[in-house]
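Please examine the model shown here, following one helix and then the pocket beside which the discussion ends.

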Amino acid sequence: RCAAAGMDDYLTKPLQVAALAQVLERWSGPAKAAMRMPRPAAPEAQPVRVDFSRLDNFRELDSDMSTVRAIVELFLADTPAQLEALVHAQAGGDATALAMQAHALRGAAGNLGALTLAQMATQIETLAQQGQAGSATQELVDSVQAAWPATQALLRQWLADAAVQAP
(Lines give C-alpha, C1' and ligand atoms only; values in the text may rest on other atoms or scores of the structure.)
Protein backbone atom coordinates (compact mmCIF):
# COMPACT_ATOMS: atom_id res chain seq x y z
CA ARG A 1 0.00 0.00 0.00
CA CYS A 2 2.79 2.44 0.91
CA ALA A 3 4.83 1.58 -2.19
CA ALA A 4 1.74 2.06 -4.36
CA ALA A 5 1.37 5.55 -2.90
CA GLY A 6 4.97 6.37 -3.82
CA MET A 7 6.49 5.78 -0.38
CA ASP A 8 9.58 3.86 -1.35
CA ASP A 9 12.07 5.18 1.19
CA TYR A 10 12.43 4.76 4.95
CA LEU A 11 14.49 5.68 7.99
CA THR A 12 15.20 3.44 10.98
CA LYS A 13 15.04 4.36 14.67
CA PRO A 14 16.76 5.95 16.41
CA LEU A 15 16.70 8.67 13.80
CA GLN A 16 20.14 9.61 12.49
CA VAL A 17 20.32 13.21 11.29
CA ALA A 18 22.80 12.41 8.52
CA ALA A 19 20.48 9.75 7.10
CA LEU A 20 17.50 12.09 7.35
CA ALA A 21 19.46 14.82 5.55
CA GLN A 22 20.36 12.40 2.76
CA VAL A 23 16.75 11.34 2.26
CA LEU A 24 15.48 14.92 2.40
CA GLU A 25 18.19 16.07 -0.01
CA ARG A 26 17.34 13.24 -2.37
CA TRP A 27 13.66 14.27 -2.38
CA SER A 28 13.82 18.05 -1.94
CA GLY A 29 17.29 19.33 -2.91
CA PRO A 30 20.40 20.31 -0.91
CA ALA A 31 20.01 20.95 2.81
CA LYS A 32 21.26 24.11 4.47
CA ALA A 33 24.79 24.14 5.85
CA ALA A 34 25.02 22.97 9.44
CA MET A 35 25.38 25.53 12.21
CA ARG A 36 26.23 24.51 15.75
CA MET A 37 24.63 25.70 18.94
CA PRO A 38 26.79 25.62 22.07
CA ARG A 39 25.77 22.89 24.50
CA PRO A 40 25.14 23.57 28.16
CA ALA A 41 28.01 22.37 30.28
CA ALA A 42 27.20 19.48 32.59
CA PRO A 43 28.89 19.31 35.97
CA GLU A 44 31.82 16.87 35.95
CA ALA A 45 30.44 14.73 38.77
CA GLN A 46 27.12 14.24 36.98
CA PRO A 47 26.89 11.25 34.64
CA VAL A 48 26.05 12.05 31.04
CA ARG A 49 22.29 12.00 30.71
CA VAL A 50 21.74 13.89 27.45
CA ASP A 51 23.86 13.97 24.30
CA PHE A 52 23.08 17.50 23.12
CA SER A 53 24.85 16.87 19.82
CA ARG A 54 21.77 14.82 18.83
CA LEU A 55 19.66 17.98 19.14
CA ASP A 56 22.28 20.26 17.62
CA ASN A 57 22.59 18.00 14.57
CA PHE A 58 19.05 18.94 13.55
CA ARG A 59 20.16 22.54 12.97
CA GLU A 60 21.07 21.79 9.35
CA LEU A 61 17.43 20.91 8.71
CA ASP A 62 15.81 23.34 11.15
CA SER A 63 17.98 26.46 11.20
CA ASP A 64 15.91 28.31 13.81
CA MET A 65 15.46 25.08 15.81
CA SER A 66 11.73 25.80 16.20
CA THR A 67 10.73 22.27 15.23
CA VAL A 68 13.37 20.70 17.46
CA ARG A 69 12.28 22.88 20.37
CA ALA A 70 8.67 21.77 19.78
CA ILE A 71 9.75 18.12 19.76
CA VAL A 72 11.68 18.56 23.01
CA GLU A 73 8.67 20.30 24.58
CA LEU A 74 6.43 17.44 23.44
CA PHE A 75 8.86 14.90 24.94
CA LEU A 76 8.86 16.84 28.23
CA ALA A 77 5.06 16.91 28.25
CA ASP A 78 4.54 13.26 27.25
CA THR A 79 7.23 11.51 29.27
CA PRO A 80 5.50 11.73 32.68
CA ALA A 81 2.53 9.78 31.26
CA GLN A 82 4.93 7.27 29.69
CA LEU A 83 6.67 6.84 33.04
CA GLU A 84 3.32 6.38 34.77
CA ALA A 85 2.36 3.69 32.25
CA LEU A 86 5.74 2.03 32.78
CA VAL A 87 5.19 1.98 36.54
CA HIS A 88 1.64 0.67 36.09
CA ALA A 89 2.80 -2.16 33.80
CA GLN A 90 5.56 -3.05 36.28
CA ALA A 91 3.18 -3.01 39.24
CA GLY A 92 0.75 -5.25 37.36
CA GLY A 93 3.49 -7.67 36.36
CA ASP A 94 2.45 -7.24 32.71
CA ALA A 95 5.65 -8.06 30.82
CA THR A 96 4.09 -7.35 27.41
CA ALA A 97 2.86 -3.88 28.40
CA LEU A 98 6.16 -3.21 30.18
CA ALA A 99 8.14 -4.10 27.05
CA MET A 100 5.88 -1.91 24.90
CA GLN A 101 6.16 1.08 27.24
CA ALA A 102 9.92 0.66 27.56
CA HIS A 103 10.23 0.46 23.76
CA ALA A 104 8.27 3.71 23.33
CA LEU A 105 10.39 5.47 25.95
CA ARG A 106 13.61 4.11 24.46
CA GLY A 107 12.74 5.44 21.01
CA ALA A 108 11.67 8.90 22.15
CA ALA A 109 14.61 9.32 24.52
CA GLY A 110 17.10 7.96 22.01
CA ASN A 111 15.96 10.32 19.28
CA LEU A 112 16.58 13.30 21.56
CA GLY A 113 19.89 12.01 22.94
CA ALA A 114 18.53 11.30 26.44
CA LEU A 115 21.04 8.48 26.75
CA THR A 116 20.49 7.41 30.34
CA LEU A 117 16.74 7.02 29.86
CA ALA A 118 17.20 5.27 26.52
CA GLN A 119 19.75 2.81 27.94
CA MET A 120 17.63 1.94 30.96
CA ALA A 121 14.50 1.59 28.81
CA THR A 122 16.41 -0.79 26.53
CA GLN A 123 17.34 -2.93 29.52
CA ILE A 124 13.74 -2.94 30.76
CA GLU A 125 12.45 -3.86 27.33
CA THR A 126 14.92 -6.75 26.99
CA LEU A 127 14.11 -8.17 30.41
CA ALA A 128 10.37 -7.78 29.89
CA GLN A 129 10.57 -9.52 26.52
CA GLN A 130 12.24 -12.39 28.34
CA GLY A 131 9.28 -12.47 30.74
CA GLN A 132 11.28 -11.06 33.65
CA ALA A 133 8.92 -8.34 34.90
CA GLY A 134 10.01 -8.66 38.49
CA SER A 135 12.63 -7.31 40.86
CA ALA A 136 15.22 -6.72 38.11
CA THR A 137 12.84 -4.55 36.11
CA GLN A 138 11.51 -2.88 39.27
CA GLU A 139 15.00 -1.62 40.06
CA LEU A 140 15.35 -0.27 36.52
CA VAL A 141 11.90 1.35 36.55
CA ASP A 142 12.86 3.04 39.83
CA SER A 143 16.13 4.18 38.22
CA VAL A 144 14.30 5.63 35.22
CA GLN A 145 12.02 7.58 37.54
CA ALA A 146 15.03 8.81 39.51
CA ALA A 147 16.83 9.90 36.32
CA TRP A 148 13.83 11.75 34.89
CA PRO A 149 14.07 14.99 36.94
CA ALA A 150 17.73 15.53 36.01
CA THR A 151 17.07 14.70 32.36
CA GLN A 152 14.07 17.02 32.38
CA ALA A 153 16.14 19.83 33.92
CA LEU A 154 18.90 19.42 31.32
CA LEU A 155 16.41 19.50 28.45
CA ARG A 156 14.64 22.54 29.92
CA GLN A 157 18.01 24.29 30.18
CA TRP A 158 18.74 23.41 26.54
CA LEU A 159 15.33 24.87 25.57
CA ALA A 160 16.11 28.09 27.49
CA ASP A 161 19.51 28.37 25.81
CA ALA A 162 18.02 27.58 22.38
CA ALA A 163 15.39 30.31 22.85
CA VAL A 164 18.06 32.87 23.70
CA GLN A 165 20.12 31.89 20.63
CA ALA A 166 17.17 31.73 18.21
CA PRO A 167 17.44 34.15 15.27
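The paragraphs below treat a helix first and a pocket second.

This is a predicted model, in which local features need pLDDT of at least 70 and side-chain atom pairs count only at pLDDT 80 or more, while totals for chains, interfaces and linings use all residues. Residues are numbered from 1 along each chain as its sequence is written, and side-chain values use heavy atoms, with hydrogens and water left out.

Helix H3 (helices being DSSP runs of H or I, at least four residues, numbered from the N terminus) covers residues 66–91. Its 26 residues reach 38 Å from first C-alpha to last, close to the expected 38 Å, which is 1.5 Å times one less than the number of residues. At aspartate 78, H3 bends by about 35 degrees, and proline 80 follows within four residues; the bend is the angle between axes fitted to the seven residues ending there and the seven starting there. Just after H3, glycine 93 adopts a positive phi of about 65 degrees.

Among the buried residues of H3 are Val68, Val72, Phe75, Leu76 and Leu83, together with Arg69 and Gln82; buried means under 20% relative accessible area with a 1.4 Å probe, protein chains only. The buried residues of H3 pack against helices H2 (52–56), H4 (95–112), H5 (115–129) and H6 (135–165).

H3 and H4 each supply at least two residues to the lining of the largest pocket, and H3 gives the most, with eight. The lining comprises 16 residues, with Ile71, Leu74, Ala108, Asn111 and Leu112 nearest the centre of the pocket.

Notes: Buried means under 20% relative accessible area, exposed over 50%, partly exposed in between (1.4 Å probe, protein chains only). Contact means heavy atoms within 4.5 Å. On a 1 Å grid over the protein atoms alone, a cavity is a set of points where a 1.4 Å probe fits but cannot get out, and a pocket is an open set with protein on both sides within 12 Å along at least five of seven lines; lining residues have an atom within 4 Å of a point.
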